[in-house]
Amino acid sequence: MTGDKKRSAMNQVVTREYTIHLHKRIHGIGFKRRAPRAIKEIRKFAEKTMGTPDVRIDTRLNKHVWHKGVKNVPFRIRVRLARKRNEDEDSIHKLYTLVTIVEGITSFKGLQTQNVDD
């Protein structure tokens with residue numbers, strides 16, 4: 001297998017829904033750093049899965065992570081990751097990822113990654 005072939009699928013605009021298990025990502029983190037670390041872990045997850053270094057987190061997602069305080073971050077969170085084209089000509093990155101919360105999830109049982117058609 002040759003390693004010189006790059007994935008060109010990163011150039012396409014796509015939207016997917018993921019469940020992020022935050023509890024395992026902030027295990028062992030001190031109480032006053034849990035919510036900020038959760039936001040960093042969401043950003044890291046989005047960067048890894050979508051392949052874009054420019055990740056933008058929606059304010060409603062930020063409020064959902066912080067709604068129980070700095071200590072009590074939700075165990076799991078359902079997010080929608082949208083890889084979009086960057087309209088700013090000055091930017092060095094062609095694409096960015098917008099991370100938003102999926103509202104109305106009562107149970108995370110059986111949920112899998114889904115492609116969303118806009």
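**Exercise 1. Strand 4 and its surroundings**

Task: Work out why strand 4 counts as largely enclosed by the rest of the structure.

Solution.
Step 1. Take the 7 residues of strand 4; 6 of them are buried. The model is a predicted one. Buried here means under 20% relative accessible area.
Step 2. Draw the conclusion: with 6 of its 7 residues buried, strand 4 is largely enclosed by the rest of the structure.
Step 3. Look at one side. Strand 2 pairs with strand 4 in the parallel sense, over 3 bridges. In strand 4, T97 stands opposite V55.
Step 4. Turn to strand 3. Strand 3 and strand 4 run antiparallel and are joined by 7 bridges. Here A82 faces L98 of strand 4.

**Exercise 2. The sheet**

Task: Find the order of the strands in the sheet, and explain why one side of strand 2 and of strand 5 is left without a neighbour there.

Solution.
Step 1. List the elements from the N terminus: β-α-α-β-α-β-β-β. That comes to 3 helices and 5 strands.
Step 2. Put the strands in place. The 5 strands form an open sheet in the order 2-4-3-1-5, with mixed pairing.
Step 3. Go to the edges. Strand 2 and strand 5 (114-116) each have a single partner strand, so one side of each lacks a neighbour in the sheet.
Step 4. Add the twist, which averages 30° from one strand to the next.
Step 5. Check another pair. Strand 1 and strand 3 are antiparallel, over 8 bridges. H21 stands opposite R76 in strand 3.
Step 6. Place helix 2. This helix packs on the sheet and touches strands 1, 2, 3 and 4. Its direction makes about 135° with that of strand 1.

**Exercise 3. The core**

Task: State which residues of the largest nonpolar core touch the most other members.

Solution.
Step 1. The core has 24 residues. I42, L61, V65, I77, V79, L81 and V99 touch the most other members.
Step 2. Trace the suppliers. Strands 1 (14-21), 2 (55-57), 3 (76-85) and 4 (95-101) each give at least two residues, as do helix 2 (34-50) and helix 3 (59-66).
Step 3. Name the main one: helix 2 gives the most, with 7 residues.
Step 4. Follow V79. Leaving out residues up to four places away in sequence, V79 touches R16, E17, Y18, I20, L61, V99, T100 and V102.

**Exercise 4. The whole chain**

Task: What share of the 118 residues is buried?

Solution.
Step 1. Of the 118 residues, 36% count as buried.
Step 2. Add the surface. The accessible surface comes to about 8400 Å², and 47% of that belongs to carbon and sulfur atoms.
Step 3. Consider contacts between residues at least 6 apart in sequence: 69% join residues at least 24 apart.

Conventions: Residues numbered from 1 in each chain as written. Predicted model: local features only at pLDDT ≥ 70, side-chain atom pairs only at ≥ 80, totals over all residues. Heavy atoms only, no water. Core = buried A, V, L, I, M, F, W, Y, C linked by side-chain atoms within 4.5 Å. Buried < 20%, exposed > 50% of the residue type's maximum accessible area, 1.4 Å probe, protein only. Helix = DSSP H or I, 4+ residues; strand = E, 2+ residues; numbered from the N terminus. Contact = heavy atoms within 4.5 Å. Pairing = 2+ DSSP bridges. Axes fitted to C-alpha atoms, helices over the stretch in contact; angles between N-to-C directions. Areas by Shrake-Rupley, 256 points an atom, 1.4 Å probe, with all protein chains shown as cover.
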